[in-house]
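Me: Please take a close look at the place where the protein meets one of the DNA strands. I would like that part described in detail, and then connected to the rest of the assembly.

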Number of protein chains: 2
Amino acid sequence: MNFTTSEENYIKSIYHLQQETGMVNTNSLAAEMQTRAASVTDMLKKLKTKKLLQYERYKGFRLNETGKKAALDVVRKHRLWEYFLAEKLKFDWDKVHSIAEHLEHISSEELIQRLDNFLGNPSFDPHGDPIPDKHGKIPVINQQSLSDIPLKKTVTVSSVSNQTVQMLEMLKHYEIALGTQLTVLKKFEFDGSLEIKVIKQSACIISEQVAKNVFVHYVQ
Amino acid sequence: MNFTTSEENYIKSIYHLQQETGMVNTNSLAAEMQTRAASVTDMLKKLKTKKLLQYERYKGFRLNETGKKAALDVVRKHRLWEYFLAEKLKFDWDKVHSIAEHLEHISSEELIQRLDNFLGNPSFDPHGDPIPDKHGKIPVINQQSLSDIPLKKTVTVSSVSNQTVQMLEMLKHYEIALGTQLTVLKKFEFDGSLEIKVIKQSACIISEQVAKNVFVHYVQ
DNA sequence: TAATATTTTTAGCTTTGTCTAAATTTAATT
DNA sequence: AATTAAATTTAGACAAAGCTAAAAATATTA
């Protein structure tokens, strides 16, 4: 089936919200999409008619299987374009998201398949998020929040869960990127901040808030 | 200034029509855009308000300098994306146009500049049409219709003026592409068709209609 | 449980871009 | 020049996607 840009944006946002909460409610979707609750209700009716979600008045909603597949298609397109922008066009990782927001709505199966191949069928986007394949299958990776890693273990940064421009700028400042190797030297009880040592750099301190949003895996 | 997708499509179509005729009229634009004359009139008012064209009721219209620059920006984006699709994603040249129709409306100066650089600042798209630079400057090439070339001269195909899928499929059948070298062996008075010899192929005959739309330059 | 607060929906309006049908203007023809 | 034909514009309607304000349903609290 084919969707409008607006429908796709709603589907995608619902998908992301229900990943965390299971059921989604009108106000949180309105907040996520920077629109009004009334607009959300209108769109929910449309998406229900198209049989993309379970929804009853006043009761909350969630995507059904068809809806989830539609969402994963958009996510796939978004992340492939992000990869293209960062890897081929050399955009900084904090700039790719907003452009990919537009590119993701171009609908051509063949385009996306060719793009995927051209990029070498990548599994993760520039923020470390997994890129679903054309069937909606999502690659998995063993990763933990940096805030849960014991001292002295060497880990590799694999993704970042807060992708605001502010966060990404901050990581750029610390010279932390995907693939960066580091170890945790010390955890300060006072505010939960961590002293870390990034390979080939001098030790530095990051806040608990940053650490919680940086995901890593052990170097094998 | 920023334009909607619809505005950009109108601007682009007006630009192409006025290249040939100077002044454009409502019905021909409606035909070009596959819409109704009334819709064209509505949009003309909008574009006039935005000071993109000269227009007086019942008198025809043409883009002014601002409008032309806006058109060239869209043309530039379209042709760069076409180049990307053909050159990097290996699309057949008869398939790139319809996808580029969507990509051309994504507005990011930086995206297009980086794409341009990534592609090696190409001067011509996969159909041989010139790609304007960011200032709207269009590269020129000395070319003539194949139907005007004298016998026995070796020429190189540089562009195709009819870019319908039908035409492009036909050229694919003849194995004629941009850069193909060929010579005209004979011109048949009866229907104006040409016997040509494509390098490394046996001679064949093409209709006058095809020949008129194939543009070539002499091999230096 | 009754009163209050919050959330969600409905009703009705707005803008963009399209359409049809009718009116108007310009062009062509007798 | 008068009539007919063609081109163009206007008027009014519609769908999509948004909004505000008010109503309705659900949750919370005294």
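**The surface near DNA strand D**

Reply: By class, the surface near DNA strand D is made of 6 nonpolar, 9 polar and 5 charged residues. This is a predicted model, and everything below should be read with that in mind. There are 20 residues around DNA strand D, and those that come nearest are Thr4(A), Ala38(A), Asn25(B), Asn27(B) and Ala38(B). Both chains contribute by way of helices: α1 (5-21) and α3 of chain A, and α2 (26-33) and α3 of chain B, give two or more residues each. The largest share is that of α3(A), with 5 residues.

The surface near DNA strand C can be set beside this one. DNA strand C is surrounded by 19 residues, and the closest are Asn25(A), Asn27(A), Ala38(A), Thr4(B) and Ala38(B). The elements that supply at least two residues each are α2 (26-33) and α3 (37-49) of chain A, along with α1 (5-21) and α3 (37-49) of chain B. On this surface α3(B) gives the most, 5 residues. The classes here come to 6 nonpolar, 8 polar and 5 charged residues.

Chain B brings α2 and α3 to the surface near DNA strand D, and the way these two helices meet can be described. The axes of α2(B) and α3(B) come within 8 Å, with a crossing angle of roughly 105°. The angle makes α2(B) roughly perpendicular to α3(B). On the α2(B) side, the residues in the contact are Thr26(B), Asn27(B), Leu29(B) and Ala30(B), and they meet Ala37(B), Val40(B) and Thr41(B) in α3(B). This contact has 4 nonpolar and 3 polar residues, and no charged ones. Asn27(B) thus has two entries in this account: it is part of the contact with α3(B), and it is among the residues that come nearest to DNA strand D.

The relation between the two chains comes next. A turn of 180° with a shift of 0.0 Å along the axis lays chain B on chain A, with an RMSD of 0.1 Å. That is why the relation is that of a two-fold axis. Within chain B, the C-alpha nearest the axis belongs to Leu103(B), at 3.7 Å from it. Both copies use the same surface, and 100% of the contact residues of chain B recur in chain A.

Where the chains touch, 13 residues come from chain B and 13 residues from chain A. On the side of chain B that touches chain A, α5 (96-103) and α6 (109-118) each supply at least two residues. The most come from α6(B), which gives 4 residues. This side of chain B has 8 nonpolar, 2 polar and 3 charged residues.

What remains is the sheet. In chain B, 6 strands form an open sheet in the order β3-β8-β4-β5-β6-β7, with antiparallel pairing. Its edge strands are β3 (144-145) and β7 (204-206), each of which pairs on one side only. Between β5 (residues 181-187) and β6 (residues 194-198) of chain B there are 5 bridges, and Leu182(B) stands opposite Val198(B) in β6(B).

The strand pairs of chain A can be followed one at a time. Strand β3 (residues 144-145) is joined to β8 (residues 214-218) by 2 bridges, and the two run antiparallel; Ser145(A) stands opposite Phe215(A) in β8(A). Strand β4 (residues 154-160) of chain A also runs antiparallel to β8(A), with 5 bridges between them, and Val157(A) has Val216(A) as its bridge partner there. Next, β4(A) pairs with β5 (residues 181-187) of chain A over 3 bridges in the antiparallel sense, and Thr156(A) faces Gln181(A) in β5(A). From β5(A), 5 bridges lead to the antiparallel strand β6 (residues 194-198) of chain A, where Lys187(A) stands opposite Leu194(A). The hairpin of β5(A) and β6(A) has 6 residues between the strands, and Gly192(A) takes a positive phi near 75° in it.

Definitions and conventions:
Residues numbered from 1 in each chain as written. Chains lettered and ligands numbered in written order. Predicted model: local features only at pLDDT ≥ 70, side-chain atom pairs only at ≥ 80, totals over all residues. Least-squares fit on C-alpha atoms with pLDDT ≥ 70 in both. Contact = placed C-beta atoms within 7 Å. Pairing = 2+ DSSP bridges. Near = placed C-beta within 6 Å. Nonpolar A, V, L, I, M, F, W, Y, C, P; charged D, E, K, R; others polar. Axes fitted to C-alpha atoms, helices over the stretch in contact; angles between N-to-C directions. Parallel < 35°, antiparallel > 145°, perpendicular 65-115°, else oblique.
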